[in-house]
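Hi everyone, thanks for making time. I'd like to walk you through a structure that will be new to most of you, so let's get it up on the screen.

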Amino acid sequence: MKILPIFLIIIQALTFRLAVAQDYKAMDFGINGDGQALNTRSIQAAIDYITDKGGGTLRFTPGNYVTGSFYLKSNVTLHLEQGANLLGSNNPFDYHKDTVVNWQSMIYAIRQHNIGIVGKGTINGRGFQTAMNALQNVHKGIVQDELKLDRLREWNRPENIYFRECKHVVIKDITLRDPGSWNQTYDQCEDLHVEGIYVDSKSYWNNDGIDVVDCKNVVIRNCFFDAADDAICFKSHDANAVCENVLVENCTARSSASALKFGTVSRGGFRNFVVKNLVVYDTYRSAITFAAVDGGFVENILVDGVRSINTGNVIFLRIGDRWSKGKKPFMKNITIRNVYAEVPANKPDLGYSYEGPVEDMPRNISPASIIGLPDHKIENVTLENIEMVYPGGGNALYAYRGTDAKSLDGIPEMANAYPEFSQFKELPAWGLYIRHAKQINLKNVSFRIKSTDYRPTIVADDLEGGVWDFKSYLNGQVLKDSFHLHQSKEIKTN
């Protein structure tokens, strides 16, 4: 995957475009930073003026600028100086649902180019209060919403940023916080550069950190994400589109769902990703989730360098058949290397404002998992230089899944389920479970457990091919007979 030089060219080009822009002061357009005035029309008028003049930068000096929905346009950059806060209005009627994306947002950009939001300032959606106000409007009968779990649906609450079909986009150095829905979505964009941003996105349900949908040529670098939902999330909504040529490096993620996730929706595919130097902590679900469950594909993925502390699951690779509509999903050519991970015995996001749901019990701690389907197997996965530390304590009297043929064959396929590592409840291994796969290789992999577990370290069911160089330890002592093969063949072990 020789994609890094491409990213360097993109970064240089984008930096140049933003550097030559003329500055315009927000105050010159009557934009008021008193924290009271509603500035939506004034901000839009300033953007329209600047784009009509050929482009430039709209600069916000320190202050609190209240706004509803507005549109960023071609050749315009918003520069938020340190102390400048764009505040989302708490009146739900100050936002509208764009007809192209069918979604609410504070800042939109639709089919624009050479745009950016930069600086040390903050975009604060103040989403909790806005969501509560919108909920009251539903209860009053003046707004229609199904209120799933007594919450407005995601598309009826404003997120902070939604860009669709834009080219040459820079999001740099800003703070993004407290959206009413997802936080920032980049949908079918090209040449997207996100760098140095700080995201605090846990004011309400579904507060993702960043969502990148069917985009090409993407850099996400030196960013921090603390999210109530998935932190760094890649999606493919269009069956004819692909999310591809992506670099994620030097990022930190905390989530009450998953830290790095592909495929919450996976209709098209994901191709040519490099993820380097990812730190994960206090994360409820998986540090790494790759899912192809809607007819899409995942291929040519490199994850190199992960430190995951206090995370409920380390790796979850999954093929399903949820909304495939006859398409054949596949996942292949995945390398995950240089990983250190610690899985706790207790709920890892306990005490955060919007915790992940309490799982159905009973169940013991779940292993890392690579799970395909009988007719759609996961192929050519390498786990290299990996150390996973588990609490152990799996108790057959609490929850049981044996390694006999009846027990293993009784694990449901759950092809149409939402992809989460916990969907199968009790699994028969404590370290790694593999099912319906080809050529799964382990190179210098260590599994460490702190107390005894009734299950073996690894169970492979319907696996064809692989070379395993791994060791399993209980309190520093090597465990023998630490794997079980069922309906598997051509596995070479150390």
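I'll go through a pair of arginines, a strand, the nonpolar cores and some salt bridges. One thing before we start: this is a predicted model.

Okay, let's begin with Arg157. You'll find Arg157 in the loop between helix H3, residues 127-140, and strand S12, residues 159-164. Is Arg157 buried or exposed? Its relative accessible area is 1%, so Arg157 counts as buried. Its contacts, leaving out residues up to four places away in sequence, include Trp103, Gln104, Ala131, Tyr204 and Asn206. Which backbone oxygens does the side chain reach? There's the one of Leu152, at 2.9 Å, and there's the one of Trp205, at 3.1 Å. And to give you some sense of distance, the C-alpha atoms of Arg157 and Lys489 are separated by 51 Å, with their positions 332 residues apart along the chain.

Arg151 sits in the loop between H3 and S12 as well. Arg151 is buried, yet it has no salt bridge. The nearest side chain of opposite charge belongs to Glu154, and that's 7.3 Å away. If you set aside neighbours within four places in sequence, Arg151 is in contact with Asp145, Tyr204 and Trp205.

Now for a strand. Have a look at S7, residues 84-88: four of its five residues are buried, so the rest of the structure largely encloses it. What does S7 pair with? Strand S4, residues 63-67, runs parallel to S7 and is joined to it by five bridges. Strand S11, residues 122-124, also pairs with S7 in the parallel sense, over three bridges. Leu87 is a nice one to click on: Leu87 is the bridge partner of Val66, and Leu87 stands opposite Asn124 in S11.

On to the cores. In soluble globular proteins, nonpolar side chains tend to be buried together. Here the largest nonpolar core has 103 residues, and Phe60, Phe163, Ile220, Ile232, Phe234 and Phe290 touch the most other members. Strand S24, residues 269-292, supplies the largest share of this core, with nine residues. Let's pick out Phe60: beyond its neighbours within four places in sequence, Phe60 is in contact with residues including Ala26, Ile31, Ile43, Leu78 and Leu86. Apart from that core lies another one, of 10 residues, among them Phe316, Leu408, Leu427 and Tyr433.

Last topic, salt bridges. How many are there? The count comes to 34 salt bridges. Arg285 makes one with Glu359, where the closest N and O atoms are 2.9 Å apart. That pair links distant parts of the chain, 74 residues apart, with Arg285 in S24 and Glu359 in the loop between strands S26 and S27. Arg285 also meets Glu420 in a salt bridge, at 3.4 Å from N to O. Glu420 lies in the loop between helix H4 and strand S29, so this pair ties together parts that are 135 residues apart in sequence. Both Glu420 and Arg285 are buried.

Then there's Glu387 with Arg448, where the closest N and O atoms are 2.7 Å apart. Glu387 is in strand S28 and Arg448 in strand S29, so the pair ties together parts 61 residues apart in sequence. Glu387 is partly exposed, at 24%, and Arg448 is partly exposed, at 29%. Finally, Arg177, Asp178, Asp200, Lys202, Asp226 and Arg254 are joined into one network by salt bridges that share partners.

That's my tour, so over to you.

Terms used: Residues are numbered from 1 along each chain as its sequence is written. This is a predicted model: local features need pLDDT of at least 70, side-chain atom pairs count only at pLDDT 80 or more; totals for chains, interfaces and linings use all residues. Side-chain values use heavy atoms; hydrogens and water are left out. Helices (H or I, at least four residues) and strands (E, at least two) are DSSP runs, numbered from the N terminus. Buried means under 20% relative accessible area, exposed over 50%, partly exposed in between (1.4 Å probe, protein chains only). Contact means heavy atoms within 4.5 Å. A polar contact is a pair of N or O atoms within 3.5 Å; within protein, one must be able to donate a hydrogen and the other to accept it, and residues adjacent in sequence count only if both atoms are side-chain atoms. Lys and Arg count as positive and Asp and Glu as negative; His and the chain ends are not counted. A salt bridge is a side-chain nitrogen of Lys or Arg within 4 Å of a carboxyl oxygen of Asp or Glu. Two strands pair if DSSP finds at least two bridges between them. A nonpolar core is a set of buried Ala, Val, Leu, Ile, Met, Phe, Trp, Tyr and Cys residues joined through side-chain atoms within 4.5 Å.
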